[in-house]
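Got the viewer open? Good: keep the selection panel handy, and we'll walk through this one stop at a time.

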Amino acid sequence: MRKLLFESLIRPPLTEPAPPVSEAAMTELAAAIERSARRRLGRSLSIRAVDAGSCNGCELEMHALSNTFYDIERFGLRFVASPRHADVLLVTGPVTRNMAQALERTYNATPDPKWVVALGGCARDGGCFAGSYAVIGGVSKVVPVDLHIPGCPPSPMDILSGLLGLFEDVSEEGRVS
């Protein structure tokens, strides 16, 4: 045990390099999202993450938005714990039979105007879990979806680009045209 401890003090940690993302591009994208959100809502954007039965790949990328590299809160985007404070429901995974009612209740608890974003291939149509006895299908089978962000899992930059696209395409009635 002592040998392992000493080796861990000498050996550097094994980490992956940071993703090859331009800081200027990320700053510009996040600033555009903030401008769009303030123009549409008059305030910052609040996001409620809903896991409808995913493998957690999309959650890892979604939570990476809050780390020190992306730090979306500096641009007025934030994750909230309650659907009653949310503007956007960011739903991941195929909707399982056990989560269908919870997703519908979360949607109903979110105040208008609200948008639903299906994050990843599984949220779109069930992905590799489609046809399982435990899976209903994509998010659109339970609640209306305004935007699908493809990928398995989508990168944090893809998620930011999708959110910007959501606000650029929102019509006056509050739904994506």
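Which residues does Arg 124 touch, not counting residues up to four places away in sequence? Select Arg 124 and you'll find Gly 138, Ser 140 and His 148, where a contact means heavy atoms within 4.5 Å. Arg 124 sits in helix 5 (residues 121-125). Put a distance label on the C-alpha atoms of Arg 124 and Ser 140: 7.4 Å in space, for 16 residues in sequence. At 48% relative accessibility, Arg 124 counts as partly exposed, given that buried means under 20% relative accessible area, exposed over 50% and partly exposed in between, with a 1.4 Å probe and protein chains only.

**Ground rules**

This is a predicted model, so local features need pLDDT of at least 70 and side-chain atom pairs count only at pLDDT 80 or more, while totals for chains, interfaces and linings use all residues. Residues are numbered from 1 along each chain as its sequence is written, and side-chain values use heavy atoms, with hydrogens and water left out.

Now color by pLDDT, the predictor's confidence in each residue from 0 to 100. The chain average is 79, and 85% of the residues score at least 70. Select 171-177 and you're looking at pLDDT below 50; beyond near neighbours in sequence, that stretch has 14 contacts in the model.

**The whole chain**

Switch to cartoon. There are six helices and seven strands, counted as DSSP runs (helices H or I, at least four residues; strands E, at least two) and numbered from the N terminus. Along the sequence they read α-α-β-α-β-β-β-α-β-α-β-β-α. Of the 177 residues, 44% count as buried. Among contacts between residues at least 6 apart in sequence, 80% join residues at least 24 apart.

**The sheet**

Select strands 2, 1, 3, 5 and 7. In that order they make an open sheet of five strands with parallel pairing; a pair needs at least two DSSP bridges. Strand 2 (77-79) and strand 7 stand at the edges with a single partner strand each, so one side of each has no neighbour in the sheet. From one strand to the next, the twist averages 25°.

Zoom in on strand 3. Five bridges tie strand 1 to strand 3, with Asp 51 partnered by Thr 92. Five bridges also link strand 3 to strand 5, where Thr 92 stands opposite Leu 119 and Leu 89 is partnered by Val 116. Moving on, three bridges join strand 5 to strand 7: Val 117 pairs with Leu 147, and Ala 118 stands opposite His 148. You met His 148 earlier, as a contact of Arg 124.

Show side chains next. In a regular strand the side chains alternate between the two faces of the sheet. On strand 3, Val 88, Leu 90 and Thr 92 point one way and Leu 89 and Val 91 the other, and all are buried. On strand 5, Trp 115, Val 117 and Leu 119 point one way, Val 116 and Ala 118 the other, and again all are buried.

**Helices on the sheet**

Pick helix 3. It lies across strand 1, strand 2, strand 3 and strand 5, at about 140° to strand 3; axes are lines fitted to C-alpha atoms, for helices over the stretch in contact, and angles run from 0 to 180 degrees between N-to-C directions. Then pick helix 4 (residues 100-109), which touches strand 1, strand 3 and strand 5 and makes about 165° with strand 3. Its buried residues are Ala 100, Leu 103, Thr 106, Tyr 107 and Ala 109. They pack against strand 1, strand 3, strand 4 (95-96), strand 5 and strand 6 (135-137).

**The cores**

Last stop. What are the residues with the most contacts inside the largest nonpolar core? Select Val 88, Val 117, Leu 119, Leu 160 and Leu 163, out of 28 residues in that core. A nonpolar core here is a set of buried Ala, Val, Leu, Ile, Met, Phe, Trp, Tyr and Cys residues joined through side-chain atoms within 4.5 Å. Elements that give it two or more residues include helix 2 (23-41), strand 1 (45-51), helix 3 (57-64) and helix 6 (156-168). Helix 6 gives the largest share, six residues. A second, separate core has 13 residues, among them Val 50, Leu 103, Val 116 and Ala 123.
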